[in-house]
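Hi,

Here is the structure I promised to send over. Have a look at it first, and then read my notes below.

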Amino acid sequence: MRFYVRIILFLMLFFISCKTDTNENIDLPDTTTPGISLTDLGNEQWRMGNYQEALKYFTEAYKQVKQNGDEEQMATLLNNLGLVHWRLEDNDAAMECYNEAAQLAEKLKLPRLLGLTYTNRALILKEKRKFDQAFEFNNKAIAISIELKEPRDLAIAYNNQGQIYRYNDQLDPALKYYKLSLDECLQNEYREGMATAYQNLSTVYALKGDKEQAFYNARKGLAISLKLNSKVRTSEAYYELSRNHERFNRPDSALYYLKKHYEWESEILESNQKEILSRYQAGMGVKVKNLRIENLQHERAIAANRLWFIGIGIFIVLLFVAFFIYRYLYKLKFKRQQLEKDLYNTQKIIEVKEVELKTYILDLSKKNSIINRLQDENSKEVIREEATEEEVARLLEQKILTDEDWEKFKVRFNSIYPDFFSRIKDSKINLTEAEIRIMVLMRLELNGKDMANILGISPQSVRVCKMRLKKKLPKECYESVEEFLQYLIN
């Protein structure tokens, strides 16, 4: 028995472990250790050129700070996410991140971060060949960097200004801003910026055909990259030298430096793979140890609580039995309620039929009475008047809220007073539909409040309509609306 329990427990733990591993491509390390954070890990992967890994760390960090409501950290991480998306050539996602970061920076009054978002958005606009907007954003970044006296940010902004000019095939202004960027880097010993500036200067000089300056700046960029021990910068510097030799028809040298470039690229790839592999191995080692500990703990728990498992099993069986009994009793109760409901409905139907029968008998007796009275010539006129009064009463029970209601009302009214509408037409006074409705209700001797109730309007609206109607009447013929109504009746 104990052996089978162990097997089942091991399979459950293995399933949980496999399910956890498939949720993410990497396991994020424990960031509770002092000095370690997801942002730091993302920055480390960024410097190594491992942008997919950096994206995962930054994304997880952003979720945490967003949950905590730290808007300043959210703005910084959004800018970092934009840089990663830009490196992964997803410019739309990058621009979205930069825009959100800029909004938060403006809200929280973080001018330096705002300047960086202007610079980064300018780079994307440059790649989309929207040069006017790119210059507008980058000029704002330059102005903010000068105001804040941030030499490194200013060097980056100058360099980006040169990039925009270069992509726009304006080499002279591009050269000017690359030199400005280099001057800022030299003054503040910003070596990574120097390597970038020398490399860009080399590119521009090569495009202008200045071989001496092109090779001089390319070699300067390579020397600084080697001192920085930056694999990414060194690889780019070798690639720049290879391109320069190719431009100036030195195929052997171009091939030599291209091989150097690929060697450094391979080294970058290999180091990234080693680091990822070591991280996975360390994580797997910890998991194996934890799994062994959990297995021992579960074995002890199972041995100590075997009776609990038996009791739980019996309880589950009793629960199933109780469920089926409850279900059976519920069905019986439901059938009884259904029968009671059918009986109740049948009684109601019988009551309705009885009422209909009584009503039919009363109507029949009433009709017989009317037939008998019609046989009496002296009572014919009285019955007609009573019938008319009854029809008018029914008519007044109607509401005139829609055009369809009005049409039905007109038909019934015309059957009682057949000449009324023709007299209005013969009067040759141009009345609106609303004014005709007022005249009809006045003929039925209703006051203003009753008219408003039938028409679904306010008493004030009824008075206004009467005033408009009075203005339409010829003064020499009718002094009031009531006089005009008498004309229609008589």
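**Helix α7 and its surroundings**

Let's start with helix α7 (residues 131-148): at 1.5 Å a residue its 18 residues should span 26 Å, and the end C-alpha atoms are 26 Å apart, so the two agree. That expected span is 1.5 Å times one less than the number of residues in the helix. Helices here are DSSP runs (H or I, at least four residues), numbered from the N terminus.

Before going further, keep in mind that this is a predicted model, where local features need pLDDT of at least 70 and side-chain atom pairs count only at pLDDT 80 or more, while totals for chains, interfaces and linings use all residues. Residues are numbered from 1 along each chain as its sequence is written, and side-chain values use heavy atoms, with hydrogens and water left out.

Back to α7. Its buried residues are F131, A134, F135, F137, N138, A141, I142, I144 and S145. Buried means under 20% relative accessible area, exposed means over 50%, and partly exposed is in between (1.4 Å probe, protein chains only). The buried residues of α7 pack against α6 (111-127) and α8 (151-167). Right after α7 comes K149, which has a positive phi, near 55°.

**Salt bridges**

How many salt bridges does the rule give? The count comes to 11, taking a salt bridge as a side-chain nitrogen of Lys or Arg within 4 Å of a carboxyl oxygen of Asp or Glu. Among them:

- E71 and K107 meet at 3.0 Å, N to O. E71 lies in helix α4 (residues 71-87) and K107 in helix α5 (residues 91-108), so this pair ties together parts that are 36 residues apart in sequence. E71 is partly exposed at 27% relative accessible area, whereas K107 is exposed at 55%.
- E404 and K408 meet at 3.7 Å, N to O. Both sit in helix α16 (residues 403-416), 4 residues apart, or about one turn of the helix. E404 is exposed, with a relative accessible area of 51%, and K408 is partly exposed, with 47%.
- K410 and E433 meet at 4.0 Å, N to O. This pair links distant parts of the chain, with K410 in helix α16 and E433 in helix α18, 23 residues apart. Both are partly exposed, K410 at 24% and E433 at 37%.

There is also a network: R112, E150 and D153 are joined by salt bridges that share partners.

**A buried arginine**

Which side chain of opposite charge is nearest to R443? That is E445, 5.2 Å away, and R443 is buried yet has no salt bridge. For charges, Lys and Arg count as positive and Asp and Glu as negative, while His and the chain ends are not counted. R443 is in helix α18 (residues 433-443). Leaving aside neighbours within four places in sequence, R443 is in contact (heavy atoms within 4.5 Å) with F413, Y417, F420, L485 and I489.

**A nonpolar patch**

One more thing to look at on the surface: W308, I312, F315, I316, L319, F320, F323 and F324 form a nonpolar patch, with about 900 Å² of accessible area together. Such patches are made of residues with over 30% relative accessible area and no salt bridge, with nonpolar side chains (Val, Leu, Ile, Met, Phe, Trp, Tyr) joined within 5 Å and like charges within 9 Å. The areas come from the Shrake-Rupley method with a 1.4 Å probe, and for residues only the protein chains shown count as cover. I316 from this patch is in helix α14 (residues 306-375) and is partly exposed, with a relative accessible area of 39%.

Cheers

Methods:
Helix = DSSP H or I, 4+ residues; strand = E, 2+ residues; numbered from the N terminus.
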